[in-house]
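The following exercises ask the reader to describe a protein chain step by step. Each task is followed by a worked solution.

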Amino acid sequence: MVQGVLIEDGCLVDTNPATGEVIGRVKCTTQAQVSATIAAARAAQPAWAATALSERISLLKGACNLLASKQSELAELITREMGKVSSEAREEAAGIAKDDYLDLIAAANAPTQIENGVVVREPHGVVAVCSPWNFPADEALLLTLPALAAGNTVVLKPSEVTKLAVGAFVADA
């Protein structure tokens, strides 16, 4: 078990906490797969960083808006997977469109004139994000969007408790 989640045949077993019904199985990632994912993120990062900030923001807004178009399915999955009351899951899923948040991030990353100089922010490279279980969709976005907007690539590790909800929207974006 990891975080109270059963591991069976190399898979995390996802169960509905209200019914005990198995709703899915997610294969455990091997060390080799983690290394390959980091290598792919490292290889993709220079091209992403070379993309203009305005274009990165536009692409991220598009991805978030695509996710927002599937908010009812996401809310249902959050409720089934973690037991969040459906009204709260719907509220979380309704906040998936992050245009205003991304506008703030864009402003924070724009070059800033200070006296006789300019502050220019540079990306760091690959950022690892371990998202919590309690707000699976919202927290994953709140943590990854600033890193992506800044020109970094991200390797996202969802909570074992909400792997399907996070996986569903990451795959769609």
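The chain contains 7 helices and 7 strands, where helices (H or I, at least four residues) and strands (E, at least two) are DSSP runs numbered from the N terminus. The model is predicted, so local features need pLDDT of at least 70, side-chain atom pairs count only at pLDDT 80 or more, and totals for chains, interfaces and linings use all residues. Residues are numbered from 1 along each chain as its sequence is written, and side-chain values use heavy atoms, with hydrogens and water left out.

**Exercise 1. The chain as a whole**

Task: State the order of the elements, the extent of the chain and its share of buried residues.

Solution. Step 1: read from the N terminus, the elements follow the order β-β-β-α-α-α-α-α-β-β-β-α-β-α. Step 2: the C-alpha trace spans about 65 × 40 × 25 Å along its principal axes. Step 3: of the 173 residues in the chain, 35% are buried. Here buried means under 20% relative accessible area, exposed over 50%, and partly exposed in between (1.4 Å probe, protein chains only). Step 4: among contacts with a separation of 6 or more, 69% join residues 24 or more positions apart; contact means heavy atoms within 4.5 Å.

**Exercise 2. The sheet of S1, S2 and S3**

Task: Determine the strand order in this sheet and describe the pairing of S2 with S3.

Solution. Step 1: an open sheet is formed by 3 strands in the order S1-S2-S3, with antiparallel pairing; two strands pair if DSSP finds at least two bridges between them. Step 2: strand S1 (7-8) and S3 stand at the edges with a single partner strand each, so one side of each has no neighbour in the sheet. Step 3: strand S2 (residues 11-15) and strand S3 (residues 22-27) are joined in the antiparallel sense over 5 bridges. Step 4: Cys 11 lies opposite Lys 27 in S3, and Val 13 lies opposite Arg 25 in S3. Step 5: the hairpin of S2 and S3 has 6 residues between the strands, and Gly 20 in this hairpin has a positive phi near 80°.

**Exercise 3. Positive phi outside glycine**

Task: Locate Asp 9 and Glu 115 and describe their backbone and exposure.

Solution. Step 1: recall that most residues other than glycine have a negative phi. Step 2: Asp 9 is not a glycine, yet it has a positive phi of about 55°. Asp 9 sits in the loop between S1 and S2 and counts as exposed, at 72% relative accessibility. Step 3: Glu 115, also not a glycine, has a positive phi of about 45°. The loop between strand S4 (112-114) and strand S5 (117-119) holds Glu 115, which is exposed at 78% relative accessibility.

**Exercise 4. The packing of H2 and H6**

Task: Describe how these two helices are arranged and which residues meet.

Solution. Step 1: two packed helices are described by the angle between their axes and the distance between the axes. Step 2: helix H2 (residues 53-68) and helix H6 (residues 136-149) pack at about 155°, with axes 9 Å apart. This makes H2 roughly antiparallel to H6. Axes are lines fitted to C-alpha atoms, for helices over the stretch in contact, and angles run from 0 to 180 degrees between N-to-C directions; angles over 145 degrees count as roughly antiparallel, under 35 as roughly parallel, 65 to 115 as roughly perpendicular and the rest as oblique. Step 3: from H2, Leu 53, Arg 56, Ile 57, Leu 60, Cys 64 and Leu 67 meet Leu 141, Leu 145, Leu 148 and Ala 149 in H6. Step 4: by class, this contact of H2 with H6 has 9 nonpolar, no polar and 1 charged residues. Nonpolar covers Ala, Val, Leu, Ile, Met, Phe, Trp, Tyr, Cys and Pro, charged covers Asp, Glu, Lys and Arg, and the others, Gly among them, are polar.

**Exercise 5. The two sides of H5**

Task: Identify the buried and the exposed residues of H5.

Solution. Step 1: in helix H5 (residues 99-109), the buried residues are Leu 102, Ile 105, Ala 106 and Asn 109. Step 2: they cover an arc of only 100° around the axis and therefore lie on the same side of H5; the arc is that of the directions from the helix axis to the C-beta atoms. Step 3: Asp 100, Leu 104 and Ala 107 are exposed on the other side of H5. Step 4: the buried residues of H5 pack against H2 and H6.
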